Amino acid sequence: MAIRRRAPRPLPRRDEVFGRTAPGDGFLHRTPAGLKLLGLATLTLIVLLARQPLLSLAVIGGLLVLCAAARVPAGMLLSLLRRIWILLAAVLAAQLIFNDPLTAAEVLSRILACLLAAQLMILTTPPMALLEVFRALLRPMRPLGARPGRAALAALVMLRSIPYLADLSALAGRQARARGLERDLRARTVPLLLGAVAYAQDTGRALAARGIDDLD
Amino acid sequence: MTIAFRQVRVLAGERELLAVPRLDLTEQRISVIGPNGGGKSTLLQLVNGLIEPAEGTVTVAGKDTVAEGTAVRRRAGFVFSNPQAQLVMPTPQEDVELSLRRSVKDAAARRSRARACLDELGIGELAGRSSHELSGGQQQLVALATVLVQRPAVLLLDEPTTLLDLANAELFTAVVGRLAAEHGIMVLTATHDLQLAARAERTLLVRDGRVAADGPPAEVIAAYRAQSMPAGDDGKV
């Protein structure tokens with residue numbers, strides 16, 4: 001009897017969520033990062049304060065239209081949901097248990113609207129442009145001792161390390177499975193923690209070797 | 001160009017990691033071999049000022065690596081074995097530009113110099129790709145570009161081919177050899193690859209925190225083999 005096998009799933013591309021921009025040069029790509037950030041902040045504030053599920057759904061619809069108009073593949077926008085569906089399901093379940101269906105719909109639609117708006121901005125903005133905005137926002141705090149260039153570099157390294165750590169986490173999981181320890185929390189987390197510390201040390205040393213200690 | 005070690009001692013707490021009473025390096029291609037934990041990386045990092053000696057001095061072209069660390073690092077570029085820890089920007093182009101942020105104020109000039117450097121290494125077509133998507137060999141070449149774009153006088157390579165497959169290791173070695181010859185860059189390579197070590201003009205064997213042998217590659221490699229083989233084994237297969 002022939003054995004039916006599930007088609008192999010491609011390995012996930014771990015840098016799709018963080019630090020990756022959608023290819024293209026639509027109008028959203030050309031809009032200045034600061035303006036997009038301002039738009040995102042305003043939209044988020046309105047959605048959070050209004051607490052209207054219909055408004056949130058309208059925003060989600062609007063974002064999808066905007067996504068198409070900016071020639072960003074909808075799959076890239078919605079891939080975020082595939083990665084965090086467990087979290088969203090947990091929020092929905094908690095709301096249904098402790099509140100009522102209307103509140104659950106309202107909370108979930110608000111979260112979705114805000115997350116998709118942020119994802120659309122990330123997809124259409126190079127990380128460096130976002131960091132420049134971040135740096136500009138911190139600049140007035142210089143007299144108080146803030147170092148915008150160093151904070152921007154820290155944020156950059158943090159963004160850059162996410163796909164690496166995701167790969168490290170997957171590797172730790174595979175190593176634990178190979179030893180028959182897939183249910184052992186220690187076997188899954190200790191290699192990840194050690195790897196993360198080593199990566200941090202290596203990155204720090206490499207930056208020091210290049211003479212880079214901030215982005216100013 | 002001379003790299004000079006004088007009465008150098010590196011300590012980790014009470015433990016001595018490396019001791020180099022006197023060493024002058026002047027050759028263009030120098031390899032450093034030896035067992036793990038013997039002090040190869042420590043020796044290289046002393047040259048870049050990444051590690052400070054507890055005693056003694058290390059100078060690069062007369063500049064003290066501690067007192068004039070920034071100036072030394074500008075002249076001595078460092079490439080580590082794991083390129084993923086060295087690349088911090090989303091794309092190779094941006095990463096190479098980052099290296100020029102201090103020295104080249106004009107953004108357009110930075111862009112064109114970074115692109116020219118990537119082209120010179122034969123990876124210009126990768127300029128806009130995500131660094132995370134590149135192969136190990138390509139990432140190592142990008143890491144090399146981030147260093148070479150600063151036009152260093154010394155290139156310090158710490159086991160640069162350890163994580164590369166044969167083809168990528170050969171490619172990396174060939175690119176380094178060509179660029180070093182063209183630009184007159186002094187290259188110091190710490191490696192376990194004895195074939196790579198043999199291509200140098202001078203080889204240092206560093207073990208147990210000492211420079212145990214120093215001379216022509218063939219002699220030093222033979223000494224290393226003899227010291228590393230179990231008694232009664234002539235090393236022949």
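In the predicted model, B:Arg113 is located in helix H4 of chain B, an element that comprises residues 107–120. This arginine is classed as buried, because 20 C-beta neighbours are found inside 10 Å of B:Arg113, and a residue is assigned to that class if 20 or more other C-beta atoms lie within 10 Å of its own. When residues up to four places away in sequence are left out of account, the contacts of B:Arg113 are with B:Leu100, B:Val104 and B:Val149. B:Glu68, by comparison, is separated from B:Arg113 by 45 residues in sequence and by 26 Å in space, taken from C-alpha to C-alpha.

Chain B also contains an open sheet of six strands, arranged in the order E6-E7-E8-E3-E9-E10 and with mixed pairing. The edges of this sheet are formed by strand E6 (76–79) and strand E10 (210–215) of chain B, each of which has a single partner strand, so that one side of each is left without a neighbour in the sheet. On average, and with direction ignored, neighbouring strands of the sheet are turned by 15 degrees against each other.

Within the sheet, strand E3 (residues 29–33) and strand E8 (residues 186–190) of chain B are paired in the parallel sense, with four bridges between the two. B:Val32 has B:Ala190 in E8(B) as its bridge partner. Helix H5 of chain B, formed by residues 136–148, lies across E6 and strand E7 (154–158) of the chain, and the direction of this helix is at about 170 degrees to E6(B).

Key:
Residues numbered from 1 in each chain as written. Chains lettered and ligands numbered in written order. Predicted model: local features only at pLDDT ≥ 70, side-chain atom pairs only at ≥ 80, totals over all residues. Buried ≥ 20, exposed ≤ 12 C-beta atoms within 10 Å, placed from the backbone. Contact = placed C-beta atoms within 7 Å. Pairing = 2+ DSSP bridges. Axes fitted to C-alpha atoms, helices over the stretch in contact; angles between N-to-C directions.
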